[in-house]
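Colleague: Got a minute to go through this one with me? I'd like to ask some questions while we both look at it.

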Amino acid sequence: MNATTKRTELERRRLNAGLTQGQLADAAGIHYATVSLIEAGKRGGHPATLHRLAEVLECSVVDLVDRVK
């Protein structure tokens, strides 16, 4: 990651939890590539997927959605 790349909220929370993309994916019951695509901004994430990720990260789905400031 270069200095100009902004972390997504999902990535920030995952890293704060000390999890790799694979570990988060396994815990949420999804493919690790899905986590990668969401973090890269290439996929928005199905609501059910975001719910599963939020459960693992002990936050709400709203917390995972990057907001425009």
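Colleague: Let's begin with a loop residue. Where is Glu-58 found?

Modeller: Keep in mind that this is a predicted model. Glu-58 is not part of a helix run here; its place is the loop between helix 4 and helix 5.

Colleague: And is Glu-58 buried or exposed?

Modeller: The cut-off for exposed is over 50% relative accessible area. Glu-58 comes out at 74% relative accessibility, so it counts as exposed.

Colleague: What about its backbone, where is phi of Glu-58?

Modeller: Glu-58 is a residue other than glycine, yet its phi is positive. The value for Glu-58 is near 55°.

Colleague: Which residue following helix 1 has a positive phi?

Modeller: Helix 1 covers residues 9-16. After helix 1 comes a residue with phi near 75°, and that is Gly-18.

Colleague: Stepping back, what pattern does the protein chain follow along the sequence?

Modeller: The secondary structure comes to five helices and zero strands. Read along the sequence, that gives α-α-α-α-α.

Colleague: How much of the chain do buried residues make up?

Modeller: Buried here needs under 20% relative accessible area. The protein chain has 69 residues, and the buried share of them is 29%.

Colleague: And what share of the exposed area do carbon and sulfur atoms supply?

Modeller: The protein chain exposes about 4,700 Å². Carbon and sulfur atoms supply 52% of that area.

Colleague: Back to helix 1. Which of its residues are buried?

Modeller: The cover over the buried residues of helix 1 includes helix 2 (21-28), helix 3 (32-39), helix 4 (47-57) and helix 5 (61-64). Underneath are the buried residues of helix 1 themselves: Glu-9, Leu-10, Glu-11 and Arg-14.

Colleague: An arginine in that list! What relative accessible area does Arg-14 have?

Modeller: Arg-14 lies in helix 1. Beyond its neighbours within four places in sequence, Arg-14 is in contact with Leu-19, Thr-20, Gln-21, Leu-24, Val-35, Glu-39 and Leu-57. Arg-14 is buried, because its relative accessible area is 6%.

Colleague: How do helix 1 and helix 3 sit, oblique or parallel to each other?

Modeller: Their axes come within 8 Å and cross at roughly 125°. Angles of 65 to 115 degrees would count as roughly perpendicular, and over 145 as roughly antiparallel. Helix 1 and helix 3 are therefore oblique.

Colleague: Which residues make that contact, and how many of them are charged?

Modeller: From helix 1 there are Leu-10, Glu-11 and Arg-14, and from helix 3 Val-35, Ile-38 and Glu-39. By class, the contact of helix 1 with helix 3 has three nonpolar residues and no polar ones, and the charged residues number three.

Colleague: What about helix 2 and helix 4, is the crossing perpendicular or parallel?

Modeller: The axes of helix 2 and helix 4 come within 9 Å, crossing at roughly 105°. That angle makes helix 2, relative to helix 4, roughly perpendicular.

Colleague: And how many nonpolar residues are in the contact of helix 2 with helix 4?

Modeller: Helix 2 brings Leu-24, Ala-27 and Ala-28, while helix 4 brings Arg-52, Leu-53, Val-56 and Leu-57. In this contact of helix 2 with helix 4, one residue is charged, none is polar, and the nonpolar count is six.

Colleague: Which helix gives the largest share of the largest nonpolar core?

Modeller: That core has 13 residues, and the members touching the most others are Leu-10, Leu-24, Ile-30, Val-35, Leu-53, Leu-57 and Leu-64. Helix 2, helix 3 and helix 4 each supply at least two residues of the core. The largest share, four residues, comes from helix 4.

Colleague: Take Leu-53 from that core. Which residues does Leu-53 touch?

Modeller: Residues up to four places away in sequence are not counted. On that basis Leu-53 touches Leu-10, Leu-24, Ala-28, Ile-30, Val-35, Ile-38 and Leu-64.

Colleague: Last one: is Ala-54 buried or exposed?

Modeller: Ala-54 is found in helix 4. Setting aside neighbours within four places in sequence, Ala-54 is in contact with Cys-59, Ser-60, Val-61 and Leu-64. Its relative accessibility is 3%, so Ala-54 counts as buried.

Key: Residues numbered from 1 in each chain as written. Predicted model: local features only at pLDDT ≥ 70, side-chain atom pairs only at ≥ 80, totals over all residues. Heavy atoms only, no water. Buried < 20%, exposed > 50% of the residue type's maximum accessible area, 1.4 Å probe, protein only. Contact = heavy atoms within 4.5 Å. Areas by Shrake-Rupley, 256 points an atom, 1.4 Å probe, with all protein chains shown as cover. Axes fitted to C-alpha atoms, helices over the stretch in contact; angles between N-to-C directions. Parallel < 35°, antiparallel > 145°, perpendicular 65-115°, else oblique. Nonpolar A, V, L, I, M, F, W, Y, C, P; charged D, E, K, R; others polar. Core = buried A, V, L, I, M, F, W, Y, C linked by side-chain atoms within 4.5 Å.
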